[in-house]
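Student: Could you walk me closely through one part of this structure, and then show me how its surroundings fit together? I'd be glad of one connected account rather than a list.

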Amino acid sequence: MRSVLLISSSILLLASVLATDAKAAVHLDLSYEPSGGDELQRLDVYTPAQQADDASARPVMVYVHGGGWVSGDKSRIGSKPDWLLEQGFILVSVNYRLSPHSRHPTHTRDLAAALAWVAAHIADYGGDPEAIFLMGHSSGGHLVSLVATDERFLAAHQLTPDLVKGVIAVDTNALDIEALVRSRPPAETRLYLLTFGARPAGWRDASPSRHLAAGKPIPPFLLLVAGAGDSTHRQAVAFARLLRSTGHAGSVEVFPDQTHGSINLGLGRTDHAPTRAVERFLRDRFARTSEPGS
């Protein structure tokens, strides 16, 4: 599988900008590490195919794929480019180094480096570095939640989590990893031990819920949940409650008719209820970031 990914990446590198259709262009495989880094330390930027010289800077959505921290790729984004461009955004889709070759905190360090690149360079692509949002699915939802709550990752780049104006975590059950590991039989915890180690201190360090505190610059959260009543639902509700109890904004939207896959793959469809929930969240947050003095 890794060799296939390398071949695919080599093909993509033949052209740094490809038109995906009449609406979008994609700038492929841009390294977010100054030294070039690993082949997975890359991102893609989706912009309008044509943008007027006097067009105002667009808000930016940074998307982080799922795959259990061991698989996935930034190219698997479904309808998100056209949808977000139509909403007035630029889309950045991020790869990061994967387990088992990399363990926590490498994945989140990579995301922080990608955000630092976006803050420094997105204006060159018509994006607004003062209006950056995060979205992640499954394990990607864990990573965007952790980078937005544990300030140490962005501090390594002289940045703070208030760089991010809103976080959308799509069906992630890794908001409290210690609780997750302790509640499951050993046969179901191998992935978490592979990614976060065997010590409870490591599970707590990797848990976004353990980094919530009053007075921290934590952005507002929208947590989307597929199904109802399972551990993902319980963790989302508990996390949102902790956010609010520490003076931060957090809301949960539950979609009993969605699956773990469909809630993410359907984003961008007009008949998809989670899509409408995201659009409401973005309209509200972008309006707030546009207010004088906000």
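Tutor: Happy to! Let's start with helix H4, whose buried residues are Ser 139, Gly 140, Gly 141, His 142, Leu 143, Val 144, Ser 145, Leu 146, Val 147, Ala 148 and Thr 149. That stretch is the helix from end to end, as H4 spans residues 139-149 and 11 of its 11 residues are buried, leaving it mostly covered. Please keep in mind that this is a predicted model. As a backdrop, the protein chain contains 11 helices and nine strands, and buried residues make up 52% of its 294 residues.

Helix H3 makes a good companion to H4. It runs over residues 106-121, and its 16 residues reach 22 Å from the first C-alpha to the last, close to the 22 Å expected at 1.5 Å a residue. Here 12 of the 16 residues are buried, so H3 is largely enclosed by the rest of the structure. The buried set opens with Thr 106, His 107, Thr 108 and Asp 110, and it also includes Leu 111, Leu 115, Trp 117 and Val 118.

H3 leads us to the nonpolar interior. The largest nonpolar core has 53 residues, and Leu 43, Val 62, Val 92 and Leu 115 touch the most other members. H3 gives the most to this core, with seven residues. In general, nonpolar side chains tend to be buried together in soluble globular proteins. For a view from one core residue, take Val 92: setting aside neighbours within four places in sequence, its contacts include Leu 43, Val 60, Val 62, Val 118 and Ile 122. There is also a second, separate core of 24 residues, with Tyr 63, Ile 77, Met 135 and Phe 255 among them.

Now for a strand that is buried along its length. In strand E8, residues 221-226, six of the six residues are buried, so the strand is largely enclosed by the rest of the structure. Phe 221, Leu 223 and Val 225 point one way, while Leu 222, Leu 224 and Ala 226 point the other way. In a regular strand the side chains alternate between the two faces of the sheet.

E8 has partners in E7 and E9. Strand E7, residues 164-170, runs parallel to E8 and is joined to it by four bridges; within this pairing, Val 167 has Phe 221 as its bridge partner. Strand E9, residues 250-255, also pairs with E8 in the parallel sense, over six bridges, and Leu 223 stands opposite Val 252 there. To get from E8 to E9, the chain passes through helix H9, residues 231-245, in a right-handed β-α-β crossover.

Just beyond E7, the loop leading to helix H6 (177-182) holds Asn 173. At 15% relative accessibility, Asn 173 counts as buried. Leaving out neighbours within four places in sequence, Asn 173 is in contact with Leu 180, Arg 184, Tyr 192, Ser 231, Thr 232 and Gln 235.

The charged residues add another layer, with 12 salt bridges in total. Side chains of opposite charge can pair when their charged atoms come close. Lys 74 and Asp 29 form one such bridge, with the closest N and O atoms 2.8 Å apart. This pair links distant parts of the chain, 45 residues apart: Lys 74 sits in the loop between strand E4 (58-64) and helix H2 (80-86), and Asp 29 in strand E2. Both Lys 74 and Asp 29 are buried.

A second bridge brings us back to E9, where the side chains of Arg 280 and Glu 253 meet at 3.4 Å, N to O. Arg 280 belongs to helix H11 (residues 273-289) and Glu 253 to strand E9, a separation of 27 residues. Arg 280 counts as partly exposed at 42% relative accessibility, and Glu 253 counts as partly exposed at 26%.

For a more local pair, look at Asp 271 and Arg 269, whose closest N and O atoms are 2.9 Å apart. Asp 271 is exposed, at 55% relative accessible area, whereas Arg 269 counts as partly exposed at 41%. Finally, Asp 176, Glu 178, Arg 182, Arg 204 and Arg 210 are linked in a network of salt bridges.

Notes: Residues numbered from 1 in each chain as written. Predicted model: local features only at pLDDT ≥ 70, side-chain atom pairs only at ≥ 80, totals over all residues. Heavy atoms only, no water. Buried < 20%, exposed > 50% of the residue type's maximum accessible area, 1.4 Å probe, protein only. Helix = DSSP H or I, 4+ residues; strand = E, 2+ residues; numbered from the N terminus. Pairing = 2+ DSSP bridges. Right-handed = clockwise from strand over helix to strand, strands pointing away. Salt bridge = Lys/Arg side-chain N within 4 Å of Asp/Glu carboxyl O. Contact = heavy atoms within 4.5 Å. Expected span 1.5 Å × (residues − 1). Core = buried A, V, L, I, M, F, W, Y, C linked by side-chain atoms within 4.5 Å.
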